[in-house]
Amino acid sequence: MIDIKDVSFEYGKEQGTLSRIDLEIRQGECVLLCGESGCGKTTITKLINGLIPHFVEGGTLSGATFVNGMEVAKTEMYHLAEQVGSVFQNPKSQFFNIDSDSEVTFGLENAGAAPSEIRERFEATVSALSIQPLLGRNIFSMSGGEKQSLAFASVYAMNPSVFVLDEPTANLDAEAIDILRQQMIRIKKEGRTVIVAEHRIYFLMDLIDRAIFIQNGKIAQIFTREEFHKISENQRIRMGLRSLVYPTLKLPHADPPGAKVGLSVENLACTIDKQTVFGGINFSAVPGEVLGIIGHNGAGKTTLIRCLCGLLKESHGTVQLDGKAVNVKRRNKASFCVMQDVNHQLFSDSVWNECEVSKPDCPAERIEKILETFELLSFKDRHPMALSGGQKQRLAVATAILSSKYLLVFDEPTSGLDYRRMLEVSDMIKNLKSENRVILIVSHDFEFLNRTCDKIFGMEGCSAERRKSCVGNI
């Protein structure tokens, strides 16, 4: 059982992250922590897995948290790890090896388990989670969904009684979410306790026993599963929650190639290390149009947009802007890409300077307006790396909007964003349509795509027929 008794916590100079949290979670329960970004969901998970207070420095903690009778603050992390396993939003942050088999067994080896026990747990994990396709693989060659499944398996192998999942679906496609869902069903049937902090809620609706709605660092309301199902659409929106039902795409297909204005992609192929990532890509997008690009994890979506932005050279086909074929150098000059991992593209020593880098001659009034829209103006002097994940994401989107580039590409721009901030990003992107830019969005977030895009292009590996099927079956 998990018992959080009158816990308050503040991160350094920030105000009231958590305030007087009282929460009991029974053995075998599946509990959803929901609420807007920054409300305190992740902080509660850190109380349970021991990151607070053992690894978070400079915070002020009062109250006590107990896990299976152990007081977290007074228990060594290696003892806590025997009871609590964590799966983070970014699985790469918890890998220690480069091959999948070693990753599954790493925790057991680190705990000093006997070789026979390690072999037994490895085989049991592979069988229970059906991860045979992940065995003998290089982790760096895996898709996002495969990495998430591997991270889950490495935790499962340790046989903890409590699973803590923090935004586990942020970068997953529908198929990978379903795999995660099946894994959660499995551990719930085994009587494990599951605590999941999530913005995407629809796949959990029939799994959870309770939903804990958190607002401004406090538990605002606790719902049973039945009560949560009865939330009206208006109430959901007022609470700032994402869709409670599975979203389906209802958008027309992208136009065929040949457009004389905007972007035309004609029979494009890309090869990396002599392996074809995709081939036979054909579509066009005109200025003022927002085109969504979808496909399973590993279909080549990110490679495609890197190619379109001139970061990779195509092996076959052409990319045209306004009817003229353009090489990688010219494409790079004409485009701005917000990457899936925005840590790779934040360079300046302050939020304000980051905006100026994207467009040095941009008026201060416009920078101020954009930062205010994204609730970043109060952080204008803060170092970008000191921002939260969601704030970094919003800053990267803001810099793209401030740039004057003709081709704007967003790779999973709503990763980890709550409903309100998803709407903000959607509105900002739609406002760019009047500026006659070509806008591409790679996303698994169907709720966001429906609200933002005009058309959709589906990728599915290298087969044109499978790409057509991908869109047709949405």
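Q: Buried means under 20% relative accessible area, exposed over 50%, and partly exposed in between (1.4 Å probe, protein chains only). Is I187 buried or exposed?

A: I187 has a relative accessible area of 0%, so it is buried. The model is predicted: local features need pLDDT of at least 70 and side-chain atom pairs count only at pLDDT 80 or more, while totals for chains, interfaces and linings use all residues. Residues are numbered from 1 along each chain as its sequence is written, and side-chain values use heavy atoms, without hydrogens and water.

Q: Where does I187 sit?

A: I187 lies in helix α7, which covers residues 174-189. Helices (H or I, at least four residues) and strands (E, at least two) are DSSP runs, numbered from the N terminus.

Q: What does I187 touch?

A: Apart from neighbours within four places in sequence, I187 is in contact (heavy atoms within 4.5 Å) with F152, Y156, F163, R192 and V194. Two of these residues, F152 and Y156, also appear where helix α5 meets helix α6.

Q: Which residues of α5 take part there?

A: On the α5 side they are R121, T125, A128 and L129. On the α6 side, A153 joins F152 and Y156. Helix α5 spans residues 115-129, and helix α6 spans residues 144-156.

Q: What does α4 touch in α6?

A: S100, E103 and V104 of α4 meet L150, A153 and S154 of α6. A153 is thus listed in the contact with α4 and in the contact with α5. Helix α4 is made up of residues 100-110.

Q: Changing topic, what about M428: buried or exposed?

A: M428 counts as buried because its relative accessibility is 11%. This residue belongs to helix α15, residues 419-431.

Q: Which residues does M428 touch?

A: Not counting residues up to four places away in sequence, M428 touches I370, T373, F374 and I401.

Q: How many ångströms separate M428 from N282?

A: Their C-alpha atoms are 28 Å apart, and the two residues are 146 places apart along the chain. For F374 and I187, the C-alpha atoms are separated by 38 Å, with their positions 187 residues apart along the chain.

Q: On to strands: which ones form the open sheet?

A: The open sheet has four strands in the order β12-β11-β14-β15, with antiparallel pairing. Two strands pair if DSSP finds at least two bridges between them. At the edges are β12 (275-285) and β15 (324-325), each of which pairs on one side only.

Q: How many bridges join β11 to β12?

A: Seven bridges link them, and the two strands run antiparallel. Strand β11 contains residues 263-272. In this pairing, C270 stands opposite F278 of β12.

Q: And β16, are its faces covered or open?

A: Both faces of β16 (residues 335-338) are covered. S335 and C337 are buried on one side, and F336 and V338 are buried on the other.

Q: Which strand is β16 joined to?

A: Four bridges connect β16 with β17 (residues 407-411), and these strands run parallel. The bridge partner of S335 in β17 is L407.

Q: Last one: how many residues of α10 are buried?

A: Six of the eight residues in α10 (residues 301-308) are buried, which leaves the helix mostly covered. The buried ones are K301, T303, L304, I305, C307 and L308.

Q: What comes just after α10?

A: Just past the helix, G310 adopts a positive phi of about 80°.

Methods. Axes are lines fitted to C-alpha atoms, for helices over the stretch in contact, and angles run from 0 to 180 degrees between N-to-C directions.
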